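User: I would like to go through this model in question and answer form, with the reasoning spelled out at each step.

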Amino acid sequence: MDEMMALDFSMRFLHIATAICLVGGSVFVAYVLAPAANISIEQDQHDKLRAAIGQRWKWFVHLGITLFLITGFYNYYQAIPRHKGDGLYHAFLGTKILLALFVMFIASALAGRSKAFEAMRNRRGLWLNILVLTAAVVIALSSYVRTRSLTPAPTQQATVSETEVSKT
Ligand code: HEM
């Protein structure tokens, strides 16, 4: 593996690993931990648990956002020459980046203590659902642009099969 390939690999790995940790962690909190805590512990214990989890989780959120931005822009910079003139690729990826920024905004508003976002924290369950749903769309768009660039366009496929036919 040459140096450039090692860097590309590391950036892709870190990007996908960050998505797994942050989105996976949010799914676990929204659909396993919070509902279980709601039915099994008293309110004051619940508040203590939420505060203790929040203290630790906010470091994952801050590190995750930093990694998403570094690795995401690196991946995009690398992808630009490969997709020159492909307006649809940039439209899908642009939409994905905007939605990803929205996901990161929700995650940091929920993890932070700013008074401005207290209303969001008071409706944590709703905002966690919105975060998970938007993150799913972000992952779908990322996977779609990836699949699309790995699958040859129909005209290319036709040219390949025509060449193969003319050889026989
Ligand atoms: C919520 C945040 C994000 C999530 C969950 C996410 C998720 C993903 C995933 C799962 C992939 C891999 C797709 C595949 O290989 O099949 C990917 C690729 C990519 N992401 Fe993100 N991402 C996020 C944020 C960002 C940001 C902020 C940027 C840009 C600034 C970005 C740019 C890219 C690029 C350029 C690719 C490669 C697309 C290609 O294969 O052509 N991502 N992302």
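The turns below take up the ligand shell, one residue of a helix, and two helix packings, all in a predicted model.

User: Which helix gives the most to the shell around the ligand?

Analyst: In this predicted model, 23 residues surround the ligand, and the closest are G72, N75, A100, S142 and R146. Helix 1 (3-40), helix 2 (43-82), helix 3 (87-111) and helix 5 (124-150) each supply at least two residues of that shell. The greatest contribution, eight residues, is that of helix 5.

User: How many residues of the shell around the ligand are nonpolar, and how many are polar or charged?

Analyst: The shell to be divided by class is the set of 23 residues that surround the ligand. Sorted in this way, the shell holds one charged residue, six polar residues and, for the nonpolar class, 16.

User: Is I80 buried or exposed?

Analyst: I80 is a residue of helix 2, and its C-alpha lies 8.5 Å from that of H90, which is 10 residues away in sequence. A residue counts as exposed if 12 or fewer other C-beta atoms lie within 10 Å of its own. Because I80 has 11 C-beta neighbours inside 10 Å, the class that applies to I80 is exposed.

User: Are helix 3 and helix 5 roughly parallel or roughly antiparallel to each other?

Analyst: Two packed helices are described by the angle between their axes and by the distance between the axes. For helix 3 and helix 5 the angle is about 155 degrees, and the axes are 9 Å apart. Angles over 145 degrees count as roughly antiparallel. Helix 3 and helix 5 are therefore, relative to each other, roughly antiparallel.

User: What is the make-up by class of the contact of helix 3 with helix 5?

Analyst: The residues that meet include Y89, F92 and L93 in helix 3 and R124, W127 and I130 in helix 5, and the crossing of these two helices is left-handed. By class, the contact of helix 3 with helix 5 has two charged, three polar and 19 nonpolar residues.

User: How many charged residues are in the contact of helix 1 with helix 5?

Analyst: Helix 1 and helix 5 pack with their axes 10 Å apart, at an angle of about 145 degrees, and the crossing is left-handed. Among the residues that make the contact are A19, V23 and S26 of helix 1, together with G125, L128 and N129 of helix 5. The contact of helix 1 with helix 5 divides into 11 nonpolar residues, three polar residues and, as for charged residues, none.

Methods. Residues numbered from 1 in each chain as written. Predicted model: local features only at pLDDT ≥ 70, side-chain atom pairs only at ≥ 80, totals over all residues. Near = placed C-beta within 6 Å. Helix = DSSP H or I, 4+ residues; strand = E, 2+ residues; numbered from the N terminus. Nonpolar A, V, L, I, M, F, W, Y, C, P; charged D, E, K, R; others polar. Buried ≥ 20, exposed ≤ 12 C-beta atoms within 10 Å, placed from the backbone. Axes fitted to C-alpha atoms, helices over the stretch in contact; angles between N-to-C directions. Parallel < 35°, antiparallel > 145°, perpendicular 65-115°, else oblique. Left-handed = near helix turned anticlockwise from the far one by under 90°. Contact = placed C-beta atoms within 7 Å.
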